[in-house]
Amino acid sequence: METLEPILAEHPFLQGLSPEHLHLIVGCASNVRFEAGQYLFHDGDQADKFYFIRQGKVAVEIHAAAKGAIVIQTLGEGEVLGWSWLVPPYEWHFDARAIQLTRAFALDGKCLRAKCEEDARLGYELMKRFTHIMEQRLEATRLQLLDIYGSQS
Amino acid sequence: MPESIPSNRTPAVLQSSKLHALFEVLQKQGYTIVGPTRRDGALVYEPLTHVNELPQGWTDQQEGGTYRLARRDDQAYFGYVVGPQSWKKFLHPPALRLWRAKRDNGTFEILAEPETVPRYAFVGVRACELAALTIQDQVFMGGAYVDPHYKKRRENIFIVAVNCTQAGGNCFCASMHTGPEATAGFDLALTEVCDAEQHFFLLTTGSPAGEKVLHALPHRAATQTERESGAHLLEQTSQNMGRTLDTSDLKHLLYRNTENPHWEEVARRCLTCANCTMVCPTCFCTTIEDVTDLTGEHAERWRKWDSCFTMDFSYIHGGSIRVSTKARYRQWLTHKLATWIDQFGTMGCVGCGRCITWCPVGIDLTEEVRGLRASESGGSAPQTDSD
Amino acid sequence: MARNLETHRAAEPRVDDAMLPAPFLVQQLKLETDDTFTLALAPQQKNAEFEFQAGQFNMLYVYGVGEVPISISGDPAQHATLIHTTRVVGTVTKAMRKLKRNDALGVRGPYGAPWPVQNAIGNDVVLVAGGIGLAPLRPALYQLLAQREKFGKVVLLYGTRSPEDILFRSELEQWRARFDLEVYITVDRALGTWRGNVGVVTTLIPKAPFDPRNTTAMVCGPEVMMRFTALELQKRGVPSNDIYVSMERNMKCGIGFCGHCQFGPTFICKDGPVFSYSRIKDWLAKWEI
């Protein structure tokens, strides 16, 4: 979609990409919207997409038998949701639910995977960016694991 | 507290047979004399009433982890160095009740302890100990808060310093520039000259109070020869120190070596018994104990000596900060030789060697510093032969 | 006997006995969460006042039980009531939790170096609070709001364990309602009913609205949280000497004599508890200091 390209180009995640690569990615993008309470995906679903959140808030959840849904992270404007589309068997391991009205760009992971196979350079650029996100998430998750506010801290 | 007046007047001589006069003059002026005496195989500081309570004819033999008394072949009154106690026993008491309280109609009332402190005359204060007094003065009286208990005890004491005429096995005051000669901070200073032909004290004054006492003693001016024999003894002592410590850039050496594997090596030997902190004349850490009687009606707050070597010294909710022996030994040594400088302007160590003598495993901080320096220059530390 | 205002360095050395607690009477004890409570105290002496600076602490004495350092959590402009918020973590705080109205509590203080509120004039101010760390920061926020026009943007980032552990809820709601204060809250974990942020407090920093080149940051919480927060702030471009943290160590006297609170070359009771991050960051990086 031509109208999406300039908006996507602004996204921090896509900074530094060549115009050709940006165009390739835009070709896999669509505008989506979720109402408050709507699920983006469920644990076990095929991970064919990932999302750039433009506005709103999404909760990443695990459903635990006795407790119901436990929110382990929320993501908001400007953040990227989902990397399971990159890793076989391409399945989601969590639920994602819009907490409030959320607008996002959905990127077709299947489409992008095919393009990355053809253009290794594009694949590498995306890998670099996702690795950075994963590192940040891992560090934040580790801090959460420490339970620093818990009774022993 | 005596003013520091440089004693450049001609020293006086007091014959050893007249040493008792010093005691009598001080007692007449209302002082409680405290000095060294022999007890339980060591030379300790206690109130004395007579000159014959001094350990005349005794000396001490000190090595890493070793302290023995032995008889001298002369009758010197001060022929030894320092024992397990220091003057902090009197100025910074090991246990002190700070206040009492009682319940009173739903609230409580605190009653400060009335403090009557004797006017002490410390007889036999070594140069390193004078330096330690100055250091503790800075800790307790040099900051925004002044410790009233230390101040009260520190004021009005009369100090008779004794210049060491032999160095102890673990002494390194020369390296620390704290001795062997007392240069300031005393009222009177004695240098004992004792050999086959003569036995006398060279006396110098350091304050008007010291002059007053000297006037009351049977003394005369020292001859050139007598002065020279005193100077010679001091020079010899300075040359024969049991240990040396290279203090060059010591603060930065310790600051940049907090992760040096050498600390693990010391930790293998250290028992964290806290002896070093108990005997050290500058260690000042205390703990507070709040206690009640069984009815809960009366409460007291006590202040007691504490040591950074104990496990719960650094306890906060959840656990202690310094758990390992390595961390606790490192804390003590880094504080004594490095962070003390940033806190109080000088090092905390005066080179008295007590920590080396009274360490059950003979850890020698001069060796530990040597080991740290050596590890930096790539060499290995010399083997210590303590067991 | 209430104390007069004192900075952490008195002009004249105090020789009176600073180890004598003054009795204050409990006016109110409020449970904030299941392990945290707030005490409102008044000096026993009628019409006496208590003055302090934001970031300072008192040594609080429970008769016959013991004494602990607790940060003051009230408004420095309010001198009639002394407010402390604390978690129950040991014998003394456990005993404090059982105090009733008109019970007496011994107070010594205020001690310590305060938050640099006056120094921050002209800057944006970011307060980053982790868990109980919101309590020692609250006095700074009160001071900032009392002279709001002197500062640029003022932002509060607050992270805690779960929604049930959020302190000062009604006040937080009031603060959020203001147009001149940005408040962002996050929790480490929540059930599905929570509609706020979930994630560690450091995740709030990249998007918080302040100018890193002109900001004073005040950070308070568990040590590991302060370390990571300082790192995130620096990543955003806040210089290390514009970041302030509040340190904690064992304290027995609060006035620099017992030696317990030493942290490298500093005494937390008198050189701290508030430090600029640049001053202590090398020591903070070491273990068991």
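Reader: Let's start with Thr282(B). Where is Thr282(B) found?

Author: Happy to begin there. This is a predicted model, and in it Thr282(B) sits in the loop between helix 10 (275-279) and strand 13 (286-292) of chain B.

Reader: Is Thr282(B) buried or exposed?

Author: Residues under 20% relative accessible area count as buried. Thr282(B) has a relative accessible area of 0%, so this residue is buried.

Reader: Which residues does Thr282(B) touch?

Author: Leaving aside residues up to four places away in sequence, Thr282(B) touches Ala132(B), Ile135(B), Gln136(B), Lys336(B), Trp340(B), Gly348(B) and Val350(B). With Lys336(B) there is also a polar contact of 3.0 Å between the side chains.

Reader: Now to strands. How should I think about a sheet in general?

Author: Strands of a sheet pair through backbone hydrogen bonds, either parallel or antiparallel. Chain A offers a case to follow: an open sheet of 4 strands, in the order 1-8-3-6, with antiparallel pairing. Its edge strands are strand 1 (29-34) and strand 6 of chain A, each of which pairs on one side only.

Reader: How many bridges join strand 3 to strand 8 of chain A?

Author: Strand 3 (residues 49-55) and strand 8 (residues 102-108) of chain A are joined by 6 bridges and run antiparallel. You can trace the pairing in the structure: Lys49(A) has Asp108(A) as its bridge partner in strand 8, while Gln55(A) has Arg103(A).

Reader: And how does strand 3 of chain A pair with strand 6?

Author: Those two strands pair in the antiparallel sense over 2 bridges, with strand 6 covering residues 80-81. Look for Tyr51(A), whose bridge partner in strand 6 is Leu81(A).

Reader: Next, the place where two chains meet. What is a good way to describe it?

Author: The size of an interface is often given as the accessible area lost when the parts come together. Here chain C and chain A bury about 2,200 Å² between them, and 53% of that is on carbon and sulfur atoms. The contact takes 28 residues from chain C and 26 residues from chain A.

Reader: How many salt bridges are there between chain C and chain A?

Author: There are 3 salt bridges between chain C and chain A. In one of these chain-to-chain salt bridges, Glu79(A) meets Lys207(C), with the closest N and O atoms 3.2 Å apart. The two chains also have 10 residue pairs in polar contact, both residues being at pLDDT 80 or more.

Reader: Which elements give two or more residues to the side of chain C that touches chain A?

Author: They are strand 8 (154-160), strand 10 (190-191), strand 11 (197-198) and helix 4 (223-235) of chain C. Helix 4 of chain C gives the most to that side, with 5 residues. By class, the side of chain C that touches chain A has 10 nonpolar, 10 polar and 8 charged residues.

Reader: Which strand of chain A pairs with strand 10 of chain C?

Author: Strand 5 (residues 68-76) of chain A does, in the antiparallel sense and over 2 bridges. Ile70(A) is a handy residue to find, as its bridge partner in strand 10 of chain C is Leu191(C).

Reader: Could you show me how to read salt bridges within a chain?

Author: Side chains of opposite charge can pair when their charged atoms come close. A search of the whole structure finds 43 salt bridges over all chains. Take Arg33(A) and Glu35(A), whose side chains meet at 2.7 Å, N to O. Arg33(A) is partly exposed at 44% relative accessible area, and Glu35(A) is partly exposed at 39%.

Reader: How far apart in the chain are Asp246(B) and Arg373(B)?

Author: The closest N and O atoms of this salt bridge are 3.4 Å apart, yet the two residues are 127 residues apart in the chain. Asp246(B) is in the loop between helix 7 (224-239) and helix 8 (250-255) of chain B, and Arg373(B) is in helix 13 (residues 365-376) of chain B. Asp246(B) is partly exposed at 41%, and Arg373(B) is partly exposed at 21%.

Reader: Are Glu171(C) and Arg138(C) buried or exposed?

Author: Glu171(C) is buried, at 17% relative accessibility, and Arg138(C) is buried at 7%. Their salt bridge has its closest N and O atoms 2.7 Å apart. Glu171(C) lies in helix 3 (residues 169-177) and Arg138(C) in helix 2 (residues 134-146) of chain C, so the pair ties together parts that are 33 residues apart in sequence.

Key
Residues numbered from 1 in each chain as written. Chains lettered and ligands numbered in written order. Predicted model: local features only at pLDDT ≥ 70, side-chain atom pairs only at ≥ 80, totals over all residues. Heavy atoms only, no water. Pairing = 2+ DSSP bridges. Contact = heavy atoms within 4.5 Å. Buried area = accessible area lost by both parts, 1.4 Å probe. Salt bridge = Lys/Arg side-chain N within 4 Å of Asp/Glu carboxyl O. Polar contact = N/O pair within 3.5 Å; in protein donor to acceptor, adjacent residues only side chain to side chain. Nonpolar A, V, L, I, M, F, W, Y, C, P; charged D, E, K, R; others polar. Buried < 20%, exposed > 50% of the residue type's maximum accessible area, 1.4 Å probe, protein only.
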